[in-house]
Amino acid sequence: MAAVPVQQDPEDDDYSLLPLVHDIIKCMDKDSQDVHQEINKLKARIQEAREQISTMPGIDKSPEEQQQQLQTLREQVRTKSLLLQKYKSLCVFDIPKA
Amino acid sequence: MAVPSRSTKERLLSVLDDLEVLSRELIEILALSRSQKLPQPGEDTQILELLVQRDGEFQELMKVAQKQGKVHQEMQLLEKEVEKRDSDIQQLQKQLKEAEHTLATAVYQAKEKLKSIEKARKGSISSEEIIKYAHRISASNAVCAPLNWVPGDPRRPYPTDLEMRSGMLGHMSNLASNGVNGHLPGDALAAGRLPDVLTPQYPWQSSDVSMGILPPHHGNDFALEPPGHNKENEDDVEAMSTDSSSSSSDSD
């Protein structure tokens with residue numbers, strides 16, 4: 001059986017499921033009784049990932065859609081700030097000098 | 001036709017499902033090959049490669065999801081800014097509405113005032129006429145006592161009993177009552193009709209006043225001088241005050 005190339009990247013360890021699969025295969029090779037335990041770990045890890053994904057904010061849209069919405073909001077803020085500045089500094093009446 | 005792109009959440013869940021299926025299949029194939037002791041020709045390698053590929057995709061998507069989370073926080077701040085500016089705009093709109101209402105009211109009142117001014121200008125009266133009228137209505141001493149009035153003077157700013165009885169109404173009622181009661185001429189005073197000699201001549205009465213007309217009545221050419229002090233009239237008044245049945249003299 002070919003060896004599973006697993007990169008030991010500390011950032012990837014948070015989300016990668018390969019180490020768990022590797023542990024299962026190792027246990028199977030050793031005919032260890034911990035195979036079921038490792039399989040349960042993998043199942044639990046997958047379930048955790050699902051729950052984490054469902055609670056992550058801002059992923060209801062694709063990155064492109066989100067960027068578009070961000071640009072729209074920035075434009076809104078800019079336009080409304082300009083309007084407010086214009087109307088607050090606007091003097092409609094010519095006040096005659098005494 | 002543009003295909004709507006799937007959300008990051010959908011892609012993540014899809015890749016996670018693939019990872020679960022692939023890992024299960026890999027474990028099953030390895031278990032089967034171990035139990036049957038038959039080598040599977042490259043199938044496990046293919047599954048393994050797919051598993052590695054999916055795992056890589058999953059990690060990339062999770063990085064994208066983290067970045068989207070940060071962008072989401074920025075968007076929430078921007079939304080708060082937009083709300084604040086919307087609130088400011090609404091406040092300005094409300095103030096503008098109030099100013100418009102105030103100005104509209106002021107303009108309306110100014111227009112009404114201008115109309116009144118124009119109306120007054122059209123019906124203007126000279127000050128001389130107003131002063132003449134003031135003299136006219138004041139000459140009967142209705143607004144101010146005569147200069148020689150003292151307590152005990154029977155003269156009043158309103159017609160007294162004697163004056164009423166010596167007027168037209170008094171004559172009319174006397175005519176009606178004479179026909180019924182048959183008063184003797186000697187009772188004329190009691191009946192309220194004064195003989196000409198005893199008709200009081202008050203200083204405020206002008207020469208135009210006739211017997212049957214209630215004082216004061218002035219023509220257009222009235223005298224502008226205030227009524228003067230007349231000793232003869234004063235004597236008449238003193239005489240009348242002793243004979244008058246009017247209770248008004250005791251009122252002071």
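**View 1. B:Arg155 sits in the loop between α3 (127-138) and α4 (161-165) of chain B.** This is a predicted model, so here's what the prediction shows for this loop residue. B:Arg155 is buried, with a relative accessible area of 9%. It counts as buried because 9% falls under the 20% cut-off. Its side chain has a partner too: the side chains of B:Arg155 and B:Asp153 make a polar contact at 2.5 Å.

**View 2. Chain B is built from helices, with seven of them and zero strands.** Walk along the sequence and you get α-α-α-α-α-α-α. Of the 252 residues in chain B, 25% are buried. What about contacts between residues at least 6 apart in sequence? In chain B, 68% of those join residues at least 24 apart. As for the outside, chain B exposes about 17,900 Å², and carbon and sulfur atoms supply 57% of that area.

**View 3. Chain B meets chain A through 45 residues of its own and 47 residues of chain A.** If you like to think of an interface as an area, you're in good company: interface size is often given as the accessible area lost when the parts come together. Between chain B and chain A, the buried area is about 4,200 Å². Carbon and sulfur atoms give 70% of this buried area.

**View 4. A:Asp60 and B:Lys9 form a salt bridge across the two chains.** Their closest N and O atoms are 3.4 Å apart. That's within the 4 Å allowed, so the pair counts as a salt bridge. How many salt bridges are there between chain B and chain A? The count is five. On top of that tally, here's the one for polar contacts: 16 residue pairs between chain B and chain A, with both residues at pLDDT 80 or more. On the side of chain B that touches chain A, the elements giving two or more residues are α1 (8-36) and α2 (43-122) of chain B. The largest share of that side comes from α2(B), with 28 residues.

**View 5. A:Arg45 is in helix α2 (residues 35-55) of chain A.** Is this arginine buried or exposed? A:Arg45 counts as buried, at 18% relative accessibility. Setting aside neighbours within four places in sequence, you'll find A:Arg45 in contact with A:Asp14, A:Tyr15, A:Leu17 and A:Leu20.

**View 6. A:Asp31 lies in the loop between α1 (18-30) and α2 of chain A.** Check the backbone here: A:Asp31 has a positive phi of about 55°, although it isn't a glycine. A:Asp31 is also exposed, with a relative accessible area of 57%. It gets that label because 57% is over the 50% cut-off.

**View 7. Two cysteines, A:Cys27 and B:Cys144, are picked out here.** A:Cys27 counts as buried, at 12% relative accessibility. B:Cys144, by contrast, is exposed, with a relative accessible area of 51%. How many disulfides does the structure hold over all chains? The answer is zero. As a reminder, a disulfide is a covalent bond between the sulfur atoms of two cysteines.

Terms used
Residues numbered from 1 in each chain as written. Chains lettered and ligands numbered in written order. Heavy atoms only, no water. Helix = DSSP H or I, 4+ residues; strand = E, 2+ residues; numbered from the N terminus. Buried < 20%, exposed > 50% of the residue type's maximum accessible area, 1.4 Å probe, protein only. Contact = heavy atoms within 4.5 Å. Areas by Shrake-Rupley, 256 points an atom, 1.4 Å probe, with all protein chains shown as cover. Disulfide = S-S within 2.5 Å. Buried area = accessible area lost by both parts, 1.4 Å probe. Salt bridge = Lys/Arg side-chain N within 4 Å of Asp/Glu carboxyl O. Polar contact = N/O pair within 3.5 Å; in protein donor to acceptor, adjacent residues only side chain to side chain.
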